[in-house]
Structure formats: structure tokens, C-alpha cells
Amino acid sequence: VFCLGTPDEEDSEGNESPRMNARVASFYMGKYEVTQAQWKFVAGLPKVKIDLPENPSSFKDPQLPVDSVTWE
């Protein structure tokens, strides 16, 4: 559980308040970024649950981290 939102006294956008307690289900997080080359390899494997776009990144370079992908 953590506190989500910005206190009223700070400069904040309209969608950052009111503050509330939030609970996030457990999840896995990698220690290292996934490169575009690694992503392309995995996207080419047989489908497990969803289709993965082969080359979703805005900035193209096999050594750069993959971007423009959803949490799914």
C-alpha cells in the first residue's frame, strides 16, 4: 500500500488529487532494460497469450531499450 497523489499545497495537475491509499498487486520487474533486438527475438517466438508487435519503438536502434509497449 502506498499514498497516491499530490498534496494540495504543492503545484499539481487536476488529475493528481485527491490523495488516496493505493494497493498494487505483486508483479515482476527486470533489473535491466530490454533492448529492441531482444524484444524482436521474443516477439518472433510462438504466441503465448497476446500478439507482440515486432518493432514498436519510436527510436529505432537494436541496442536501445524497447519503448512504446503496454504493460500487458
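**Stop 1: a nonpolar patch on the surface**

Select Phe 2, Leu 4, Met 20, Val 24, Phe 27 and Met 29, and show them as a surface: together they make a nonpolar patch of about 650 Å². Please keep in mind throughout that you are looking at a predicted model.

Now keep Leu 4 and hide the rest of the patch for a moment. Leu 4 sits in strand β1, which covers residues 2-4. Is its side chain buried, exposed or something in between? Leu 4 counts as partly exposed, because its relative accessibility is 41%, and partly exposed is the class between under 20% and over 50%.

Next, bring up what Leu 4 touches. Setting aside residues up to four places away in sequence, you will find Pro 18, Arg 19, Met 20 and Ala 22. Met 20 deserves a second look, since Leu 4 touches Met 20 and both belong to the nonpolar patch. For a longer view, draw a distance from Leu 4 to Lys 31: the two are 27 residues apart in sequence, and their C-alpha atoms are 24 Å apart.

**Stop 2: the whole chain**

Zoom out and switch to a cartoon. The chain has 1 helix and 2 strands, and reading along the sequence you meet them in the pattern β-β-α. Turn the model around and compare its spread with that of a globule. The radius of gyration is 18 Å, whereas a compact globule of 72 residues would come near 11 Å. If you like to draw boxes, the C-alpha atoms fill one of roughly 50 × 25 × 20 Å along the principal axes.

Colour by accessibility if your viewer can do it. How many of the 72 residues count as buried? The share is 14%. The accessible surface of the chain comes to about 6800 Å², and carbon and sulfur atoms hold 55% of that area. As for contacts, take those with a separation of 6 or more: 30% of them join residues 24 or more positions apart.

**Stop 3: the loop between the strands**

Select Asn 15, which you will find in the loop between β1 and β2 (20-22). Asn 15 counts as exposed, because its relative accessibility is 71% and the exposed class starts over 50%. Add Gly 5 to the selection and connect the two C-alpha atoms: they lie 8.4 Å apart in space, with the two positions 10 residues apart in sequence numbering.

**Stop 4: Thr 35, on the way to the helix**

Move on to Thr 35, in the loop between β2 and α1. Why does Thr 35 count as buried? Its relative accessibility is 18%, so it falls under the 20% limit. Show its contacts, leaving aside neighbours within four places in sequence, and a run of partners lights up: Pro 62, Gln 63, Leu 64, Pro 65 and Val 66.

**Stop 5: Ser 57 and its partners**

Ser 57 is in the segment after α1. With a relative accessible area of 3%, Ser 57 is buried. Beyond its neighbours within four places in sequence, Ser 57 is in contact with Gln 36, Pro 65, Val 66 and Asp 67. You have just met Pro 65 and Val 66, which are also among the contacts of Thr 35. Zoom in on Asp 67: its backbone nitrogen lies 3.0 Å from a polar atom of the Ser 57 side chain.

While you are here, select Ser 68, also in the segment after α1 (36-43). Check its backbone torsions: phi is near 65 degrees, a positive value in a residue other than glycine.

**Stop 6: the salt bridges**

Side chains of opposite charge can pair when their charged atoms come close. How many salt bridges does the structure hold? There are 2.

Start with Glu 54 and Lys 40, whose side chains meet at 3.8 Å, N to O. This pair links distant parts of the chain, with Lys 40 in helix α1 and Glu 54 in the segment after α1, 14 residues apart. Glu 54 is partly exposed at a relative accessible area of 46%, and Lys 40 is partly exposed at 46% too.

Finish with Asp 51 and Lys 47, whose side chains form a salt bridge at 3.7 Å, N to O. Both Asp 51 and Lys 47 are exposed.

Notes
Residues are numbered from 1 along each chain as its sequence is written. This is a predicted model: local features need pLDDT of at least 70, side-chain atom pairs count only at pLDDT 80 or more; totals for chains, interfaces and linings use all residues. Side-chain values use heavy atoms; hydrogens and water are left out. Patches are made of residues with over 30% relative accessible area and no salt bridge: like charges are joined within 9 Å, nonpolar side chains (Val, Leu, Ile, Met, Phe, Trp, Tyr) within 5 Å. Accessible areas come from the Shrake-Rupley method with a 1.4 Å probe; for residues, only the protein chains shown count as cover. A salt bridge is a side-chain nitrogen of Lys or Arg within 4 Å of a carboxyl oxygen of Asp or Glu. Helices (H or I, at least four residues) and strands (E, at least two) are DSSP runs, numbered from the N terminus. Buried means under 20% relative accessible area, exposed over 50%, partly exposed in between (1.4 Å probe, protein chains only). The radius of gyration is taken over C-alpha atoms; the globule rule is 2.2 Å times the number of residues to the power 0.38. Contact means heavy atoms within 4.5 Å. A polar contact is a pair of N or O atoms within 3.5 Å; within protein, one must be able to donate a hydrogen and the other to accept it, and residues adjacent in sequence count only if both atoms are side-chain atoms.
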